[in-house]
Amino acid sequence: MTASIVASQTYAASLKGTRATLRRTLFWCGVLLLLLVAAVLLTALVGSESLPAKESLCALLSGGRATCGLTAEQSAILFEIRLPRILLAAAVGASLASAGAGYQSLLRNPLAEPYLLGISNGAAVGTMVALVFFGSVEWSRPVMAFAGALLASLAVYQLARGRAGASPERMILAGVIVTTFLSSAIVFITTMMDATRVRSFTFWLLGDLSGATSRLLVVAIIVAIAGSLLLTAFARPLNLLMLGERDAFDLGVEVGRVRIVVFLVAGMLVGTSVASSGSVGYVGLVVPHLVRLSLGSDNRITIPAAGLSGALFVVVADTLARTVIAPRELPVGAITALIGAPLFIYLLRRG
Amino acid sequence: LSARIQKNSLAHLLAAILLLAVVCCFLSCSRSSNAPQTEKSATREVVDEAGRRLRVPTRVERIVSLAPNLTEIVYAVGAGERLVGDTEYCNFPAEATHVAKVGDTLHPSVERIIALRPQVVLVSTASQLESFTKELAEHQITVYVTDPHDLEGVFQSVRNLGELCGETTTAEDLIKKLRARTSAVEKAVGSAKVVRVFYQLSDRPLYTAGRESFTTDLIRRAGGVSVTADVPGAWPRYSDESALASQPEAIILPTGGSMSSGNGAAADPFKKSPAVLAGRVYKINEDHLNRPGPRLVDGLEELAHVLHPESFKQ
């Protein structure tokens, strides 16, 4: 016991003092939070319909209590369509990025990402099953998506696990297998459905933030905040896990328990965001990487900072999705992949 | 378990129907192949609606249709008995359901098409054309593309397919009747105030009819104007806030036909639109509105009746 405490302290010391880390975390999270609030307010001013900027900002800052000279129609656009969608984008981005950061530490794999590992597809299959079998029960979707995400992540983990633990290469191969298997399941389910629903599904599968109901939005926001905070609470054992499961165990980390909690929380984060908006790819990969590049790889700062940056990223991406070909729309997943894939190649090449 | 048994027996039934269809087809083949054997080499040139020059037999005997509207046109010009294959969506006229099925419009089985030995395969838009034509061309099967963007284009399709099948007179008679009904509608609504219409193809996500869709023309002829008439594309995905801002006076929900489940109510952004406030949300059989065939005129009449009930009071 004492030995493990000493060992973890030496490890923590190598990262910097605890108080200094806390101060640094709070500082950067504060900066990112301010940026996020600014982004939410600014992106609420643009859309396929043009609204007067000054009046809209005034109405937004009053929290909807003052009309600030907006017509009923304009404030309906602002508060019933744009703002909920932007908040959903933020929730989805935060969920995916913090879940990505969690998976990457837990699996000791820089490429672990909900979309690439097939976890998003698992959640998508869960959502589709819920839609086909319990179409009228709204809460069945996030629940089934959570179940699907959890099953897919456990499948990848079990497939990748060799005698010497899960190597990054095995993990990615397992992810490819699970992804392709679940993609076929998705194709199978869509083929069984009628044409109108197929069309809406193909749009949703690429990530679509327009469809969420207000209840699902509330669930997504609560899960995003609670899930990111929970993962942050496990930042220290996750830091130690990056040394390897064996070493972490020797340092006193209850590896099994941490693994279960992280799988559950990350599965919940991915499940809820897929149920509300489909598969938005690359967020969980690119955002934690950028955060690590700029703020270092201490999870106590990486996880919360990734959550906030992910929110920022998807809010901006969705603003592009709903404005570039207005009044038509693009799926937001197309935008995040268009930005994310080249960025990721750049990161890979930099080493 | 009982569901599985039901599914199984359904599969058997389907298999039996298919088998029956194949047998019927063989019977009819052997019947027809006796007579016009001599004309086998006789061909003529036609130009399809994509502007491609095609060689077809002088008398086309074996047709596969890959879209329900084309199946309807083939029957309407009196060539229905020459249809040897169609899609799972082809449910009108009732006889069309007994024709051998080659899959649905988006995923037809090329194998099955080839096995049916058609002389012409009818396709409804230029989509997927390339992969089809190559494979089918190797088997001397011609692909004929139709691509109507308005009601006039639909009449042209009727004329073209009539010519293709050698049923010019029937086709011209049909067009004459359809034109008469169309101008009756246009005359009835001619002086009425134009109604601003939103055409809700599906509610979530929100799809509508755009600039290139024949629906836009249909709404105009029915005494309305589509609020999305200038949106590029035929069936664009439409922004929720633009939908809210469009403030339509009437909303049309094509529903209850072969394709959809749902689309039963106006989408959320419309909840305070003049259309919803005035109760002017109308469900119309989607098979009359979304199939650019002869029944599009039925759709036109239904559309005009809901947009301008006052014009049809006697």
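Modeller: A nonpolar core is a set of buried Ala, Val, Leu, Ile, Met, Phe, Trp, Tyr and Cys residues joined through side-chain atoms within 4.5 Å. Keep in mind that this is a predicted model.

Colleague: How many residues does the largest nonpolar core have?

Modeller: Start with its best-connected members. A:Tyr103, A:Leu107, A:Val270 and A:Val283 have the most contacts inside this core. In total, the largest core has 98 residues.

Colleague: Which helix gives the largest share of this core?

Modeller: Look in chain A, at residues 72-106. This stretch supplies 18 residues of the core. The helix is α4.

Colleague: How many residues are in the other core, the one with B:Ile63 and B:Leu83?

Modeller: That core lies apart from the largest one. Its members also include B:Val189 and B:Leu289. The count is 55 residues.

Colleague: How much area do chain B and chain A bury between them?

Modeller: The contact takes 24 residues from chain B and 24 residues from chain A. Carbon and sulfur atoms hold 55% of the buried area. The area is about 2,300 Å².

Colleague: Which residue of chain B meets A:Glu329 in a salt bridge?

Modeller: The interface of chain B and chain A has 6 salt bridges. In the one with A:Glu329, the N to O distance is 3.2 Å. That is under the 4 Å cut-off. The partner is B:Arg237.

Colleague: Which element gives the largest share of the side of chain B that touches chain A?

Modeller: Two elements of chain B give two or more residues to that side: β7 (195-202) and α8 (240-246). The largest share is 5 residues, and it comes from α8(B).

Conventions
Residues are numbered from 1 along each chain as its sequence is written. Chains are lettered from A and ligands numbered from 1 in the order in which they are written. This is a predicted model: local features need pLDDT of at least 70, side-chain atom pairs count only at pLDDT 80 or more; totals for chains, interfaces and linings use all residues. Side-chain values use heavy atoms; hydrogens and water are left out. Buried means under 20% relative accessible area, exposed over 50%, partly exposed in between (1.4 Å probe, protein chains only). Helices (H or I, at least four residues) and strands (E, at least two) are DSSP runs, numbered from the N terminus. Contact means heavy atoms within 4.5 Å. Buried area is the accessible area (1.4 Å probe) that two parts lose on being put together, summed over both. A salt bridge is a side-chain nitrogen of Lys or Arg within 4 Å of a carboxyl oxygen of Asp or Glu.
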